[in-house]
Amino acid sequence: MFCKHCGKEIDDKAVVCVHCGVPTDNMPSSGIMQNTVQYQPEKPVNGLAIAGLVVSIVGLFGGNYLFLIPSIVGLILSIVGMAKAKNHSLYGLAIAALIVSIIAFVIWLIIWIAAFAMILSVWQGGTVVM
């Protein structure tokens, strides 16, 4: 008998081709081969969740007032990564990226609100007590 996939000669009783591994027509429909695990292709890595986590961490630990911008970018990347997490691997990473980005955004938002409140009070002629 010849393999229908690679065309090489194989034993007439072979269940799979020894050359390419493709099942032959002799494959039993039930029995021991029924309990084998089917190959499932690996899901692609969620790059947006990874990028969102990295950018959010940079925004969280940045010491400059401009680090609100990476926090916003990280939040957007994390939200998109979370939305696409069902089709990708590393679902837990998408959740972590979303949490870190929300925390970074809230911290920097509070800092910016406090800074604008101080500027506004000084601009209106008040004094800032530290």
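**Three-helix predicted model: packing and selected residues**

Helix 2 and helix 3 run roughly antiparallel to each other, because their packing angle of about 150 degrees lies over the 145 degrees from which that description applies. The structure is a predicted model, and its chain holds 3 helices and 0 strands, which follow the pattern α-α-α when read along the sequence. Of the 130 residues in the chain, 19% count as buried.

**Helix packing**

- Helix 2, which covers residues 68-83, packs with helix 3 with the two axes 8 Å apart, and helix 2 passes helix 3 in a left-handed crossing.
- Helix 1, which covers residues 47-61, packs with helix 3 at an angle of about 30 degrees, and their axes are 8 Å apart.
- Helix 1 and helix 3 are therefore roughly parallel to each other, since an angle under 35 degrees counts as such, and helix 1 passes helix 3 in a left-handed crossing.
- The axes of helix 1 and helix 2 come within 7 Å and cross at roughly 155 degrees, which makes helix 1 roughly antiparallel to helix 2.
- The crossing of helix 1 and helix 2 is left-handed.

**Nonpolar surface patch and isoleucine 111**

- A nonpolar patch of about 510 Å² lies on the surface and is made by Tyr91, Ile95, Ile99, Ile103, Ile107 and Ile111.
- Isoleucine 111, one of the residues that make this patch, has its place in helix 3, which spans residues 91-123.
- Isoleucine 111 has a relative accessible area of 40% and is therefore partly exposed, because that class lies between the 20% limit for buried residues and the 50% limit for exposed ones.

**The segment before helix 1**

- Asparagine 46 is placed in the segment before helix 1, and with a relative accessible area of 2% it is buried, because buried means under 20%.
- Asparagine 46 and asparagine 87 are 41 residues apart in sequence, while their C-alpha atoms are 8.5 Å apart in space.
- Proline 23 also has its place in the segment before helix 1, but at 38% relative accessibility proline 23 counts as partly exposed.
- Proline 23 is separated from histidine 5 by 18 residues in sequence, and the C-alpha to C-alpha distance between proline 23 and histidine 5 is 9.1 Å.

**The loop between helix 1 and helix 2**

- Leucine 66 is found in the loop between helix 1 and helix 2, and its relative accessible area of 43% makes leucine 66 partly exposed.
- Leucine 66 and tryptophan 108 lie 42 residues apart in sequence, whereas in space they are 9.1 Å apart, taken from C-alpha to C-alpha.

Conventions. Residues numbered from 1 in each chain as written. Predicted model: local features only at pLDDT ≥ 70, side-chain atom pairs only at ≥ 80, totals over all residues. Heavy atoms only, no water. Patch = residues over 30% accessible without salt bridge, like charges linked within 9 Å, V, L, I, M, F, W, Y side chains within 5 Å. Areas by Shrake-Rupley, 256 points an atom, 1.4 Å probe, with all protein chains shown as cover. Salt bridge = Lys/Arg side-chain N within 4 Å of Asp/Glu carboxyl O. Helix = DSSP H or I, 4+ residues; strand = E, 2+ residues; numbered from the N terminus. Buried < 20%, exposed > 50% of the residue type's maximum accessible area, 1.4 Å probe, protein only. Axes fitted to C-alpha atoms, helices over the stretch in contact; angles between N-to-C directions. Parallel < 35°, antiparallel > 145°, perpendicular 65-115°, else oblique. Left-handed = near helix turned anticlockwise from the far one by under 90°.
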